[in-house]
Amino acid sequence: MHPLLSKKGFILDVDGVIGRGKKPIKPAISAVKKLIEMEKKVVFVSNNSTRSRRIYTRRFRDYGLEVDEDQMILTTYATAQYIKENYGKMRIFTTGEIGLIEELELAGHEIVDYEEAEMLVVGSNREINFELITKALRMCLSKKPYIATNPDRIFPSEDGPIPGTGMIIGALYWMTGRMPDCICGKPEKVIMLKALEYLGLEAKDVVVVGDQIDVDVIAGKSINAETLLVLSGVTTRDNLENMIKKYGVKPDYVLEDLSKLFD
Ligand SMILES: [Mg+2]
């Protein structure tokens, strides 16, 4: 039996671990079902900043996996909760899409135009334009709190790399020298602590699984959990050594995909 099967909880990344965009990674889906049968506690943690949990539940259903909305910690949700816990209910200007807006509103925040806003929340937007960046720039210059969903520079989509939330963080930084007061997504701690809170477990009892060293493995290390890198996404057998060297961090375990836990 694989030593990680003695863990009580599994914090699983989504893209590159159990699916690639809309396509499921079938052996990994079966592995998740086995973990659930073994009564392991499972939570999904994703840096996706354009989807709400409601939208994501549908994707999971298409993957052939029935999960509760609560079992999904997306940066959209983690960001909305982080703001509520640390600032209270806020009037927010966001660069984000409908999925982020939905989670912010569900947490009790109000979405307003930048002149009335108390806070800037940056999330990815596939229809970003000059006007939106101008408003974000002005918010950024106003010295009001500035929170970002996730730091991803590039997102690996089905047909190749696309800009991540980093395109907006980077543009604002280049213009103003200002970085967000808090970034909620992996590899930062905010989202990982939310996942632990959901599981009701300590870090020593969980494993963090992902396909990227700079995102998932570092996130796992940030809470002192053991980490499993799977080679079903961004990191491959061919670039593994380079990635370890580049980020100076080594995962505790490496497997071809999640199902190899059961080999
Ligand atoms: Mg991933």
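In this predicted model, the chain is divided into two domains: domain 1 takes in residues 3-47 together with 187-262, and domain 2 covers 76-183. Their C-alpha centres lie 26 Å apart. Twelve residues from domain 1 and 13 residues from domain 2 make up the contact. About 980 Å² is buried between domain 1 and domain 2, and carbon and sulfur atoms give 63% of this area. Of the area that domain 1 buries against domain 2, Asn47, Val190 and Lys194 supply 49%, more than any other three residues.

A good place to look next is the metal site. The magnesium ion has three protein donors, namely Asp13 (OD), Asp15 (O) and Asp211 (OD), which lie 2.0 to 2.2 Å from the ion. Along the chain, these donors follow the spacing D-x1-D-x195-D. Asp15 sits in the loop between strand 1 (9-12) and strand 2 (19-20), while Asp211 belongs to the loop between strand 13 (206-210) and helix 8 (213-222), so the pair ties together parts that are 196 residues apart in sequence. Asp15 counts as buried because its relative accessibility, 13%, falls under the 20% cut-off. Asp211 is buried too, with a relative accessible area of 2%.

Another residue worth finding is Leu199, which is part of helix 7 (residues 189-199). With a relative accessible area of 1%, Leu199 is buried. Leaving aside residues up to four places away in sequence, Leu199 touches Gly9, Ile11, Lys41, Val42, Val43 and Val206. The C-alpha atom of Leu199 is also separated by 8.8 Å from that of Gln71, a residue 128 places away along the chain.

Helix 5 offers a further landmark. This helix (residues 130-141) has twelve residues, and the distance from its first C-alpha to its last is 16 Å, close to the 16 Å expected at 1.5 Å a residue. At the N-terminal end, Asn129 caps helix 5, with a side-chain oxygen 3.1 Å from the backbone nitrogen of Glu131. Just after helix 5, Lys143 adopts a positive phi of about 70 degrees. Between these two points, the buried residues of the helix are Leu132, Ile133, Thr134, Lys135, Ala136, Met139 and Cys140. Their cover includes strand 6 (91-94), strand 8 (119-122), strand 9 (146-148) and helix 6 (166-176).

Conventions
Residues numbered from 1 in each chain as written. Predicted model: local features only at pLDDT ≥ 70, side-chain atom pairs only at ≥ 80, totals over all residues. Heavy atoms only, no water. Donors = N, O, S within 2.8 Å, 3.2 Å for Na, K, Ca; no water. Helix = DSSP H or I, 4+ residues; strand = E, 2+ residues; numbered from the N terminus. Buried < 20%, exposed > 50% of the residue type's maximum accessible area, 1.4 Å probe, protein only. Contact = heavy atoms within 4.5 Å. Expected span 1.5 Å × (residues − 1). Polar contact = N/O pair within 3.5 Å; in protein donor to acceptor, adjacent residues only side chain to side chain. Domains from an automatic or database assignment. Buried area = accessible area lost by both parts, 1.4 Å probe.
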